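Here is a short tour of one protein model, with a helix as the starting point and some charged pairs after that. Have a look at the structure first, then read on.

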Amino acid sequence: MNRAIGMVEYKTVSSGIQAADLIVKTSDVTLIEAQTVCPGKFIILFSGDISAVRVAVDAAERQFPESMIDKFVLGNPHDSIFKALSCTAEIDDVNALGIVETFTGASAIVAADHAAKTAEVDIFEIRIARGMCGKSYVLLTGSVAAVTEAVESSVSMIKEEGLVLDYAVIPSPSKEFVGTLI
């Protein structure tokens, strides 16, 4: 695998900024996002060769372990992740709506990737801690069966770490309401 993404999430801005600098100096990775999110946390999302991403995450964790909230390395992330993170996914019809709400941004991205690889669903938004007191969520659509499978599988996977806040599957959501989400 030569395409991967990684993320580290810190509870302080100072540690996050130092970690972002360390990450780009330590490894050949490209920053996707390095910024403050609610409530004063700092996230660093980056891509590169899987070994480079692992080296960067490990270095950031070793240097600032007391401030780290969460982290991940995903080799070969599902293509829908990138559009969902930037809210540029195009969705024509929402047969069923799945929601997975998490305590960390990293766990939301991991849940979204797992959901997209588990069932035939479209991930159309991954909201990372902006305006949500540090919480994050994933919105996905597909058939009721596929959305149910994807949500339940993702929740089961991240629930072990205590990072799931809530989740739901809404069959046949109101078109008027869905229009406000897309």
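## A helix and its length

To work out how long a helix should be, take 1.5 Å and multiply it by one less than the number of residues in the helix. Keep in mind that what you're looking at is a predicted model.

Now try that on helix H2, which covers residues 50–63 and has 14 residues. The expected span is 20 Å, and the C-alpha atoms at its two ends sit 20 Å apart, so the two values agree.

## What H2 tucks away

Which residues of H2 are buried? They are Ile50, Ala52, Val53, Ala56, Val57, Ala59 and Ala60.

Several other elements help cover these buried residues. Among them are four strands, S1 (4–10), S2 (29–37), S3 (41–48) and S4 (68–75), along with helix H1 (13–26).

## A salt bridge from H2 to S4

How many salt bridges does the structure hold? There are eight, and here are some of them.

One joins the side chains of Lys71 and Glu61, with N and O 3.7 Å apart. This pair ties together distant parts of the chain, since Lys71 belongs to strand S4 and Glu61 to helix H2, ten residues apart. Lys71 has 34% relative accessibility, so it counts as partly exposed. Glu61 comes in at 31%, so Glu61 counts as partly exposed too.

## A link across 82 residues

Next up are Asp93 and Lys175, another salt bridge, where the closest N and O atoms are 3.4 Å apart. Asp93 lies in the loop between helix H3 (80–85) and strand S5 (96–102), while Lys175 is in helix H6 (residues 175–181), 82 residues apart, so to speak of distant parts of the chain is fair.

Is Lys175 buried or exposed? Its relative accessibility is 67%, and exposed means over 50%, so Lys175 counts as exposed. Asp93, at 41%, is partly exposed.

## A pair with a buried partner

Glu101 and Lys135 also form a salt bridge, their closest N and O atoms being 3.3 Å apart. Here too, distant parts of the chain are linked: Glu101 is in strand S5, and Lys135 is in the loop between strands S6 (121–128) and S7 (136–142), 34 residues apart.

Why does Glu101 count as buried? Its relative accessible area is 19%, and buried means under 20%, so Glu101 falls on the buried side of the cut-off. Its partner Lys135 has 29% relative accessibility, which makes Lys135 partly exposed.

How values were computed. Residues are numbered from 1 along each chain as its sequence is written. This is a predicted model: local features need pLDDT of at least 70, side-chain atom pairs count only at pLDDT 80 or more; totals for chains, interfaces and linings use all residues. Side-chain values use heavy atoms; hydrogens and water are left out. Buried means under 20% relative accessible area, exposed over 50%, partly exposed in between (1.4 Å probe, protein chains only). Contact means heavy atoms within 4.5 Å. A salt bridge is a side-chain nitrogen of Lys or Arg within 4 Å of a carboxyl oxygen of Asp or Glu.
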